[in-house]
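Got a new structure open and wondering how its parts fit together? Let's go through it in questions and answers.

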Amino acid sequence: MSTSFIRLDGQPYVEWWEDRFGLSPATFAGLCFYQRGRSTVWAGVPDVDDLTGARVEAVGIPLLRLGARFWKPTSIAIITFASMASRNVLDLDDQETRRFLAGSESCLEATDPRREDLASGFIVARHDGVAIGCGEWHHGTLYSCIPKGKRVESVDL
Amino acid sequence: MTNTLERLNRYRELVDDWPAFIEACRMPLPTVVWVNPLRQAALLKLGKQGAPATSAGTDCASDSDILIATSILATRLEALGYPSQPVNWYPGALRVDDIDKPGKTLDFYLGLYHVQEEISLLPAVLLAAEPGERVLDLCAAPGGKTAQIACQMENTGTLVANDIRPNRLRALRSNCERLGLLNVVVSSHDGTRFPLEVGQFDRVLLDVPCSCEGNVRQSGKIPFEQAGGVRGRAGLQATLLGRAWKLLAPGGVLVYSTCTFAPEENELVLDYVLGEDAKIEPLEIEGLSSSAGVTEWNGRGLRPDCHNVARIWPHLNDTGGFAAARIRKRGEAP
């Protein structure tokens, strides 16, 4: 049995996505949840307990990073699961999308109606109805949480 | 380039049209992309076609969905200035013109398509994995073929994608994540010693490290011509095949493939390793031309079913060079 991936009860994580983003628990149906190390929760279909002796490096995709003060969704989990999110979603125009994918911030005007639906913390950044990654929303500014190695400068939209 | 082409002279007797072969080896390769059916809902939304109300992780694409998604991708690439044509033997694949950086688009970032050399799409087609199966990709990095198999399995079952080299493992993991492959387990064993206690698999893909002669069109040279040549890798290939065979369940299918022309790395490896419990099956891919495998090389006779190895010479389909065999293990599935 793999010693590095520990099988978890997925309910707390499924509930977190439902609370924060309004995603139906059915979004995660059929998935197994694992923890590797202290902070990362993974979601994937296979049961690694059926792979006795395998040195496992990854199962499915990383879903959440567990911090002492908050949990942070990964951008790849948001892209994979969160296009249907109904809460804490920010729809970006072309210019904002380019800035977001390049790792830059965007400020929203105080009168921008999109601000009304956002609570401080992690949000789903969306473009043309498609989730494009994890953002962090504080005091009228959107910060991109796309990891440095995944950012794209001057992206073709 | 001239020296490189001279090195290919040893295959003169195997090639039906030598001038066409040499001419093809001098030409650059087209860029090919394929649509990711696991992300079709996002592609349909971006194409303003309306999307089914399922999560992206559980999307299953029918043949007609793939055609629609491919059409949307072609339209989006054309709008960026990259016209394309469908690959006639592989639904969902496009040959894209004039695209220098196919990884600089939003669609690539979102995992809506993958970039892969056209002929390296073949092994997964021959493997033909099905939903719910247990499948092993023993030398998986950088993961294009893994992704094709995961899509065949509709993100169900268990697909173990193994590789030993750390930098290639990083690329493998990155591609699996970007493409949303939820049924993949990445492992990091030396393929020649992949643990038998993991149990047997319904299908095994063995796309072995090789001398890469078939990549001559990508680089203008043969990458490993100084590194022991075709014979230097045959030992590793044979050891990998021996291990892969033990990991294959009775009744299962193993696909062995290389991107090289050398019989020493293809038919001779199969002849050396495979026993009477193996049968190399005849192959026919609609729309793709191939020539038969060799059953004699340098005066040595090989097992007759080596005739069923598919040899893809670059001039046959305007691709890189390739060789592949689909091998069935005798016996009933457990």
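Q: How many salt bridges does the rule find across the interface of domain 1 of chain B and domain 2 of chain B?
A: Keep in mind that this is a predicted model. A salt bridge needs a Lys or Arg side-chain nitrogen within 4 Å of an Asp or Glu carboxyl oxygen. Across the interface of these two domains of chain B, the number of pairs that pass is one.

Q: Which residue forms a salt bridge with B:R95?
A: The cut-off here is 4 Å between nitrogen and carboxyl oxygen. The closest N and O atoms of the pair are 3.3 Å apart, so the pair passes that cut-off. The partner of B:R95 is B:D318.

Q: Where do the two domains of chain B run, and how many residue pairs are in polar contact across their interface?
A: The domain assignment gives 2-17 + 119-329 as domain 1 of chain B and 32-116 as domain 2. Their C-alpha centres lie 26 Å apart. With both residues at pLDDT 80 or more, the number of pairs in polar contact across this interface is 10.

Q: Which element gives the most to the side of domain 1 of chain B that touches domain 2 of chain B?
A: On the domain 1 side, 25 residues are in contact with 20 residues of domain 2 of chain B. The elements that give two or more residues to that side are α6 (122-127), α7 (144-152) and α8 (166-178) of chain B. With five residues, the one that gives the most is α7(B).

Q: Which three residues in domain 1 of chain B lose the most area to domain 2 of chain B?
A: The two domains bury about 1800 Å² between them, and carbon and sulfur atoms give 63% of that. Three residues together make up 37% of what the domain 1 side buries: they are B:L121, B:R178 and B:L179.

Q: How much area is buried between domain 1 of chain A and domain 2 of chain A?
A: Over in chain A, the assignment gives domain 1 (6-73) and domain 2 (89-150). The contact takes six residues from domain 1 of chain A and eight residues from domain 2. A:R20, A:F21 and A:K72 supply 74% of the area on the domain 1 side. The area buried between the two domains is about 550 Å².

Q: How many salt bridges does the rule find across the interface of chain A and chain B?
A: There's plenty to look at here: 44 residues of chain A are in contact with 42 residues of chain B. The rule finds 17 residue pairs in polar contact across the interface, both residues at pLDDT 80 or more. For salt bridges across the same two chains, though, the count is zero.

Q: Which three residues supply 16% of the area that chain A buries against chain B?
A: Chain A and chain B bury about 3500 Å² between them, with 60% of it on carbon and sulfur atoms. No other three residues of chain A supply more of its side than A:L51, A:R55 and A:D156.

Q: Which residue of chain B stands opposite A:A58?
A: Look at where strands of the two chains meet: β4(A) pairs with β7 (residues 184-187) of chain B. The pairing is antiparallel and runs over three bridges. In β7(B), the residue opposite A:A58 is B:V186.

Conventions: Residues are numbered from 1 along each chain as its sequence is written. Chains are lettered from A and ligands numbered from 1 in the order in which they are written. This is a predicted model: local features need pLDDT of at least 70, side-chain atom pairs count only at pLDDT 80 or more; totals for chains, interfaces and linings use all residues. Side-chain values use heavy atoms; hydrogens and water are left out. Contact means heavy atoms within 4.5 Å. Buried area is the accessible area (1.4 Å probe) that two parts lose on being put together, summed over both. A polar contact is a pair of N or O atoms within 3.5 Å; within protein, one must be able to donate a hydrogen and the other to accept it, and residues adjacent in sequence count only if both atoms are side-chain atoms. Two strands pair if DSSP finds at least two bridges between them. Helices (H or I, at least four residues) and strands (E, at least two) are DSSP runs, numbered from the N terminus. Domain bounds come from an automatic or database domain assignment.
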